[in-house]
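User: I would like to go through this model term by term, asking each time what a label rests on. Please set the values against the definitions as we go.

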Amino acid sequence: MLQSLKNKLSLGILTSAILFAGCEGNLLQEDPLIPLAELEQGNPDKFELMEIKEMTDFSHMRVGDLSGRFLILANNANLPKNLASSIHNAGGEIVKAYPEIGVAVAVAHSPNFLANSRKISGLASVTPDIILQYTKTPEMRGGGVDLNENTDMNTLGAPFDYQSAFFDGYQWAPASIDAPQAWEAGFTGEGVRVAVIDGGFHSTHIDLQPNLDIASSISTVPGFNFNEDVGTFWHGTHVAGIVAASGIGAVGIAPKASIIGIKALHDGSGAFEWILEGLYYAATPQSKGGAGAQVINMSLGATIDYRSEWKDKEFRDAFRELQKIYDRVTRYAYQNGVTVIASSGNGETNFDSSKELYKIPAENQHVIAISATGPTGWLLGNTNFTQPAYYTDHGKSLVDFAAPGGTLGLWIVDGYDGLCTLTGTNASSTNYCEVFDMVFSTVRGNSNGSYNWAQGTSMASPAAAGVVALMMEANGGALSPAQVRSKLAQTATDLGKPGKDEFYGHGFVNAAKAVGLN
C-alpha cells in the first residue's frame, strides 16, 4: 500500500508540473511528463492514504516520497484544547506543536488515522507531508578557486577590509548595487541577525566562520547536522557567503552581519515540516528559544501547478493546505517584525500569464520575492549588470524587487564560449568568459577556503537580504517588514517599465540609497 501510494504521488508530481526554483545551473532540467491516463488506472479519484510509516533514513530520499508525518492546521491560530487526546483517539500521536500559529505535526499508529483525524472539531485540515526538491546543485562551468591552506592569514584582509580581500576584483555584484559606498560610510550589517534557511553550511570556511552564529545554527533535517550536506558545492554555503562573507577571500553584501545557518534541506530536497520548523525557529525571539533573526533569506522554492484539472481532489487539496500552513508561519514572522526574502525562481516563466502556477514560498504572505539580473560578457567590456537574467521567473504578481543573480546568457543565449582571464588585485584566473558573469561566493570545495561561481535567483535573494541587513543597521535594527518593503521601494532603481514591472518589481535594489546615502 505504501509503495503504491508513493508511486502515485511521484507520478502526480510530474503530471502537476512542479518546477524547481533556486540554483539551476545551465539549462533547466525538466522531468518528463507522465500521461494522465497512467494515473487513472485503478481508482483514479482517490489516493488511498492509509497507514503511512514514518521515514527514518533521509539520505536516499526521493522527490514525491511521503515523510510519514502529518501536518495539522487548526481553524485559527490556536490549537484546539485536548488536541493531543483527540489525535490519540484517532489513532495518532502529536510529535510537534506550534501553538502560536495553530499548527501541529503528528504520526499515525492506525490505518484509519487520516480519516478519523479529519473529523476532529476545530481542525481545518490534516495533510500528509511530502518530500519536494527546492534547490538544485548547479552544473558547474569551469572550475573554482581556493585559498592555499598554508596562506599566511596575516597577509590577507582582516574582517572587514574589503579592498584587502584576496579575491578583490572577482566580484561585480556588490558594486552593481553600490554596496562599496555603504561600506565606506561605515555600514556593514554589524549587529544584524540574518537567518539563511537552506542546505548545509561549511562552518569552518574562513569567510563564514567569523560571522556564523554556531550556537544558534540548527538542522531541522533528521539525522544531519547544520554543517553537513553532499557534494562540494553546498548551496547554503554559497548563499550565506553572498549575505555575509567576511572579506578575507570574498566580500558579502553585509560583511559583518551575523549568519544563522538553518539546514532545512538535504541535497536540495526536504519536507514541508523542515522548512516550516526552520521559519518558525528563525522568526521566534531568542528570549523564547528561537534564533531571533531580523531577516530571513530563503533561496529555495517550488512552483506548483495546482489549478489545473487534476483528477484527484485529495492530491490537489493537499498542496492548497500546505500553502496555507506556510502562510501561517510567514505571517508569524511578519508579526514578530522579521523580514522574509525569497528567490522568485528560475523557470523563465511569466506568472502574470501563467495564472495556474503558484510559487512557494515566494508568493506566500508577507514574503519579498527577488528576481535575478546579470551581465553578458563582463570581461568583454559589457557592464549591463541590471539586465534580467534569461532564466528568471517574472511577473508583477510575483516579483517585488530585482538583485544581481548572475547569468550564463553569454553562452546559453548568445552562443559565445571563449576564454577570458580575470586579473584581480592579488590573483588571476582563466576560465570561460561566461563564468565570470555569474556570482562569486563561498563553497564547500575541498578546503576551508574554496570559492566558485553560480547563477540563479538563489544568488539574487541573499544580495537583497544583505541590503536589508545594511538598512537595518542604519536604522538601529528597528525596521518592521512593512517599513523594509517601503524603504526598499523608495530607494531601489526604477528600471524597465515605469513603476512596478514584471522583471524588476519595484526596482533594482541599491545598498547606498537604502542606508540613506546619495
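Analyst: Let us begin with burial: a residue is buried under 20% relative accessible area, exposed over 50% and partly exposed in between, using a 1.4 Å probe and protein chains only. By that rule, buried residues make up 60% of the 518 residues in the chain. The model is predicted, so local features need pLDDT of at least 70 and side-chain atom pairs count only at pLDDT 80 or more, while totals for chains, interfaces and linings use all residues. Residues are numbered from 1 along each chain as its sequence is written, and side-chain values use heavy atoms, leaving out hydrogens and water.

User: What makes strand 15 largely enclosed by the rest of the structure?

Analyst: Strands (E, at least two residues) and helices (H or I, at least four) are DSSP runs numbered from the N terminus, and strand 15 covers residues 367-373. Because 7 of its 7 residues are buried, strand 15 is largely enclosed by the rest of the structure. Both faces take part: Val367, Ala369, Ser371 and Thr373 point one way, Ile368, Ile370 and Ala372 point the other way, and all are buried.

User: How do you know that strand 15 pairs with strand 13 and with strand 16?

Analyst: Two strands pair if DSSP finds at least two bridges between them. Strand 13 (residues 339-343) is joined to strand 15 by 4 bridges, with Ala342 standing opposite Ala369. Another 4 bridges join strand 15 to strand 16 (residues 401-404), where Ala403 is the bridge partner of Ala372. The count thus meets the rule in the pairing with strand 13 and in the pairing with strand 16, and both run parallel.

User: What makes strand 8 and strand 16 edge strands?

Analyst: The open sheet has 7 strands in the order 8-9-7-11-13-15-16, with parallel pairing. Strand 8 (218-219) and strand 16 each pair on one side only, and they are therefore the edge strands. Further inside that order, strand 7 (residues 193-198) and strand 11 (residues 295-298) pair over 3 bridges in the parallel sense, Val196 having Asn297 as its bridge partner.

User: Why are Arg69 and Glu273 called a salt bridge?

Analyst: A salt bridge requires a side-chain nitrogen of Lys or Arg within 4 Å of a carboxyl oxygen of Asp or Glu. The closest N and O atoms of Arg69 and Glu273 are 2.7 Å apart, so the pair satisfies the rule. Arg69 lies in strand 2 (residues 66-74) and Glu273 in helix 8, so the pair ties together parts that are 204 residues apart in sequence. By this rule the count comes to 12 salt bridges.

User: Are those two partners, Arg69 and Glu273, buried or exposed?

Analyst: Arg69 has 14% relative accessibility and counts as buried, and Glu273, with a relative accessible area of 2%, is buried as well.

User: Why is Lys324 called partly exposed, and what is its salt-bridge partner?

Analyst: Its relative accessibility of 40% lies between the two cut-offs, so Lys324 counts as partly exposed. The partner is Glu321, at 3.1 Å from N to O, and Glu321 counts as buried at 13% relative accessibility. Both residues lie in helix 9 (residues 313-335), 3 residues apart, about one turn of the helix.
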